[in-house]
Amino acid sequence: MEKNGLLHGDFNLPFGKEQVKVKELLWNSDSTVLAVWMEDLKPGENNHPNTYIQLWTVGNYHWYLKQSLHFGSEPLRAPACVCWDPEKSLRLHLLTRGWASYTYDWGWSTDRSRGTDCHDNANVAVIDGDKVLVTTFRQCVIPPPMCAFELQLPVPVNLVTFRSQAQRTNELAALTADGHIHVYGPGGGAENEGVPGVSGFKVISAPLVLRKTYRVTMDQEEPLTLRLLLWLKDDLFLAVAHGRYLTRLLKITPSDSQDPKDTLEIRSDVPVDGFVISLCHSLRNGTVALQLDDGQIRKVHTDSSELSLTEWKDSSGNTINFPRPCVQTALCTLSGEEHLIGLTERSHLYIGDSLVASNISSFVVYDDFLLLTTHSHMCHCLNLSTLSVKGLQSALSSDANQNDETVRKVERGSRIVSVVPQDTRLILQMPRGNLETIHHQALVLAQLRKWLDGLRFKDAFECMRKLRINLNLIYDHNPTAFLANIEMFLKQIDSINYINLFLTELKEEDTTTTMYPCPSRSASSSASGKGGKKVDMICDALRSTMETLDPQKYCLCILTSHVRKTTPELEIALQKVHELRVNPASGSISVSAEEALKYLLFLVNVNELYEHSLGTYDFDLVLMVAEKSQKDPKEYLPFLNMLKTLEPNYQRYTIDKHLKRYRKALHHLSKCGEEHFTELLNLVKDQRLYSDALELYSSNSEQYKTLSVAYAEHLVEQEQAEQAGLLLWRCGENARALQAFVSCTSWRNALAVATHIPLPPEQLALLARDLAEKLLEARRHKQAALCLEQYAKDCEEAISALIQGAAWEEALRLIYLYNRQDIIETDLKSALLDAHSNQTSFLESQKALFIRHKNRLAVVRELKAKARLELFDEDGPDCADAELYSEASSVLTGSHLGSKYSRSNSRISSRSSKNRRKAEGKKHSLKEGSPFEDIALLNALTQIITIVDKMREEVHSLLKALVLFQFDAAASSLQRDYGELLQLVESALPEIWTDNQQQSQTPLTGPNSTANSIMASFQQQRPAVPQQDTETLSAPKMRIAVKWKLSILK
């Protein structure tokens, strides 16, 4: 006893003073339930006292009388011994004086209404002795032991059930300890009406009133004869009656007799083989299921006058039972098939005979959702219409990602009380008894999607605003529907602030794929309504509709739509503010220019707005904005005054240059006259606006010529001398154009300009020789010959250039054209023989190199194949130390051939570009034993084949020249050697490239392979084919169609 302490935690028994005596107080094993065993002090009718056992629990410091057992005054039925089970905390053992033994297994349940429409008030009833405490969570959330209203009954209540009929789920029936059923329904008063006689108050939740009290026509001498009760429809009840030897399922309806007392008669009585521990009903499908104490499930058929029971079977015809008895059951539809879901006292959740999760503390089925709380303090909300049983198992076992709407954290020990239908609220109860309302994101998004599909924009907007859901979802959910119903959206919202809030929250992101993904969302509904940027599209569509409806009312929203575009249209917005100042709107809802500017400054940084206002060239508007800013007048007034003194075009040029709008500045400066052309030219050079400047002047003006010269100088600096020459030529600067063309060896343009100038013949010939020399350096022999022949008038040098370039036919043409047959003997024949000798030696060297590389490639491939086999032997199943190698070690072993070079190259790759090129060269080195030798050999072979194939035209031309001058033997030997080399190359192509492809695509697998050996083979093959060398895997194409042979040769 606490000294000087206050009395607390006591409660009064529901009896009069000196009416009963307490024989014994018994706590259950976990001290959650107190059993009070009492009997009357005064004897009853047969001189024996009445005996009672009451079960009390405590929550939120309030004692509740949950169950009351009345044993009457019959001495043989009176308890002789009462005790709690030491293992099962809610099991009570009782022995009567007539040597009858009873065992009661109790369980916790939440009595809630089961409706899914908006008529259901989310009622929850709590038994408290002879009172039923009812709270309507749709209207108010009242923590226990308080409630929305109380239902007073004459005797203690043992059971409460709500009506399971659509639109009437708020009605309830209470089964009292004396076996009567009291039916309650809505009273005459309506919700949200005033309280009679009291001003300033209104009824939020109208209490239920007693409609009828039924007496059941059956023997109820033993306590709790009726232990389970379902109110299906009208006055049809299903009940479970437990006798001493038999359990019965009863169908009870009102009596047809003219009895003044309302009675319920048993219309159907079905014996049940086992003890029924739960009854549940599906409001959607009308299915009734019961569960026996061993977990068996039975389906109850109530359609006919007589009840019948069948085994619960799935769609395949298999019988379904719970592996263990469940203390809470409910019916749900999963992937179109109806299932019974159950929760055991060990927190195991079953759907039929499948274990879904093993850490569930509470659950409730609402519409298409299954809501659960877990012992890991998480609340799951799963959409049953899109999941299977395996899907549920996976969803409850996996960790949630960042944007998973189905999971959220809750307070430790939270349990589900109820869900408000057609709403977003989920009511949880904490271990200490207090209530908490949460808005689970899955419920919120599901409800929002329903509202948006029904075009209820206002309901959706207010919910999203209150729960901080991103407002982009209004558009992203169905872009086409939103754009088609913008006028409805504006009329429903009907708030300037809300429309502005919507506009300011817009962003390009599609929230249905990032923040709020929907698993059942179709691809068509997630697509954008039209092409283009989302924010711009919405701003333009809203602004167009608002300007049509009422531009004065939506003035601030129109300004917001300009500012919120991807490229803010600040100048247009400022112009609208200026129009309001010049022509102020009249009307109560109109906005003044002062208010509009103040709002615009709220959206945009004042300095940025000042710059844009300056860009309108309207100094009144600039002063309006400047006055609202924190700028010192000494800063901007001198600048503005200076601008006012300038000529209008130069004034705008100065403003644009200040704002760094150089193209506009150039445009305005071009209108200021020739005295400012030097300034314009400097601006063009500084900002490189040459093309823009040329468009502002006519092509025959002096300014155009000056700009063209400046542009050409810029192009020369950028190493684009040919384009510079074209500019100079067209503007008449022929000498400078000629210099530009010569510098880039544009010989045709250079000679054309020289002829256009015109140059004297001597200078023209000298120019042609200079160009020919540059062309010869570039190995452009035919073009050099053309310059020498036609402009330098030196046919001998032209012929020499052609012979040097192996253009035999063109050389012969000029020889006979200019009658210089002497060159044939002096130069041409010797050049032909030299060319034959060079070609023959070159073909021999290419042939030898090709054969050597081909043979080496075969050796390298054989070595790599042996290395793979050795690796397999090391890591094979017979290796004694196979279990000692980690996965990492096997990877390193598999790539041991190239580990040295791989490490070296990885270090080099981070250095300068020069070193990287050097490393790339080493990587393709033909040095024997290098890690990528096979790739280097393939590259070398490809180069040889390409070079040899390109010689077809050159060899053909040489053969014709040799035959012409009767060098038949030399021509025959050249044709034979080249033909043999082509044949060698063509025959070797399948051998080189087919083997390589098969080898690169066939990993080391098979019945004797291990994980280590397969992984190592992949690792060894991977460096054999770098990303940049994939082109070497395909053989080069030979130009077989090109005819090069001469049939007149052997």
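## Three strands and a helix pair

Strand β33 is joined to strand β34 (residues 435–438) by four bridges, and the two run antiparallel. This is a predicted model, so let's take a friendly walk through two of its regions: a run of paired strands, then a pair of helices.

**The strands β32, β33 and β34**

- β33 (residues 426–429) also pairs with β32 (residues 415–419), again in the antiparallel sense and over four bridges.
- To find the pairing of β32 and β33 in the model, look for Ser418, which stands opposite Ile427 in β33.
- For the pairing with β34, look for Leu426, whose bridge partner in β34 is Ile438.

**The two hairpins**

- Six residues lie between the strands in the hairpin of β32 and β33, where Gln422 takes a positive phi near 55°.
- In the hairpin of β33 and β34, five residues lie between the strands, and Gly433 has a positive phi near 110°.

**The helices α22 and α24**

- Helix α22 covers residues 734–743 and helix α24 covers residues 761–777; their axes come within 11 Å and cross at roughly 25°.
- Because angles under 35 degrees count as roughly parallel, α22 is roughly parallel to α24.
- Which residues of α22 meet α24? They are Leu738, Val742 and Ser743, and on the α24 side they meet Leu767, Leu771 and Lys774.
- Sorted by character, the residues of this contact between α22 and α24 are four nonpolar, one polar and one charged.

Methods. Residues are numbered from 1 along each chain as its sequence is written. This is a predicted model: local features need pLDDT of at least 70, side-chain atom pairs count only at pLDDT 80 or more; totals for chains, interfaces and linings use all residues. Side-chain values use heavy atoms; hydrogens and water are left out. Axes are lines fitted to C-alpha atoms, for helices over the stretch in contact, and angles run from 0 to 180 degrees between N-to-C directions. Angles under 35 degrees count as roughly parallel, over 145 as roughly antiparallel, 65 to 115 as roughly perpendicular and the rest as oblique. Contact means heavy atoms within 4.5 Å. Ala, Val, Leu, Ile, Met, Phe, Trp, Tyr, Cys and Pro count as nonpolar, Asp, Glu, Lys and Arg as charged, and the others, Gly among them, as polar. Two strands pair if DSSP finds at least two bridges between them.
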